[in-house]
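Work through the exercises below with the sequence and the structure at hand. Try each task before reading its solution.

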Amino acid sequence: MLRSIATSSTRRFASSAEKVWQVYLSGEIHSDWREVIAKGVESKQLPVQLVSPNTSHEDSDDCGAIILGMEEKRTNWDKIGAGMNNIRTKNLIEESDIVVVRFGEKYRQWNAAFDAGYAAALG
């Protein structure tokens, strides 16, 4: 039986008896490419758990202040949020069996480049 577990950045499709491959989907956030992959995984009933960075700019930027408490001055929000996102991203990449990085054409993809380099360094 196929089961689906979905959160904002994790989707899992697998039967209970097989290895579940964790696939980290990094990069471009202005199109539906992650949803296209998720639909393909589901339709083929592949034993895959999809994970990704937080794709909401606002949530990503403010996660540190939300988790650790709001600060009076916003000057530290970006640094705190970046640090918390970095911890999450590194853990997800380290735990993944496969890392897919998509570079978009419209924006500079610094985070995607970091993810690709980090994954390559891990082997």
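**Exercise 1.** Decide whether Gln-45 is buried or exposed.

Solution. Step one is the scale: buried means under 20% relative accessible area, exposed over 50%, and partly exposed in between, with a 1.4 Å probe and protein chains only. Step two is the value: Gln-45 has 51% relative accessibility, so Gln-45 counts as exposed. Step three is the position: Gln-45 belongs to the loop between H1 and S4. Its phi is positive, about 50°, although Gln-45 is not a glycine.

The model is a predicted one: local features need pLDDT of at least 70, side-chain atom pairs count only at pLDDT 80 or more, and totals for chains, interfaces and linings use all residues. Residues are numbered from 1 along each chain as its sequence is written, and side-chain values use heavy atoms, with hydrogens and water left out.

**Exercise 2.** State which helices and strands the chain has and in what order they come.

Solution. Helices (H or I, at least four residues) and strands (E, at least two) are DSSP runs, numbered from the N terminus. The chain has four helices and five strands. Along the sequence they follow the pattern β-β-β-α-β-α-α-β-α.

**Exercise 3.** Find the residues of the largest nonpolar core and the elements that supply them.

Solution. A nonpolar core is a set of buried Ala, Val, Leu, Ile, Met, Phe, Trp, Tyr and Cys residues joined through side-chain atoms within 4.5 Å. The largest has seven residues: Val-23, Leu-25, Trp-33, Ala-38, Val-41, Val-48 and Leu-50. At least two of them come from each of strand S3 (21-27), helix H1 (33-43) and strand S4 (48-51). H1 has the largest share, three residues. A second, separate core has six residues, including Tyr-24, Val-51, Ile-93 and Ala-119.

**Exercise 4.** List what Leu-25 is in contact with, leaving aside neighbours within four places in sequence.

Solution. Contact means heavy atoms within 4.5 Å. With those neighbours left aside, Leu-25 is in contact with Trp-33, Arg-34, Ile-37, Leu-50, Val-51, Ser-52, Pro-53 and Val-100. For the chain, take contacts between residues at least 6 apart in sequence: 63% of these join residues at least 24 apart.

**Exercise 5.** Place Thr-89 in its element and decide whether Thr-89 is buried or exposed.

Solution. Thr-89 is part of helix H3 (residues 77-95). Its relative accessible area is 12%, so Thr-89 is buried. Neighbours within four places aside, Thr-89 is in contact with Tyr-24 and Asp-115. In the chain of 123 residues, 32% count as buried.

**Exercise 6.** Do the same for Arg-108 and Ala-116.

Solution. Arg-108 lies in the loop between strand S5 (98-102) and helix H4 (110-122). With a relative accessible area of 69%, Arg-108 is exposed. Arg-108 and Glu-28 are 80 residues apart along the chain, and their C-alpha atoms are separated by 9.4 Å. Ala-116 is in helix H4. At 26% relative accessibility, Ala-116 counts as partly exposed.

**Exercise 7.** Describe the lining of the largest pocket.

Solution. On a 1 Å grid over the protein atoms alone, a pocket is an open set of points where a 1.4 Å probe fits, with protein on both sides within 12 Å along at least five of seven lines; lining residues have an atom within 4 Å of a point. The lining has 28 residues, and Asn-54, His-57, Ser-60, Asn-111 and Ala-112 lie nearest the centre of the pocket. S3, helix H2 (57-68), H3 and H4 each give two or more residues. H3 gives the most, seven residues.
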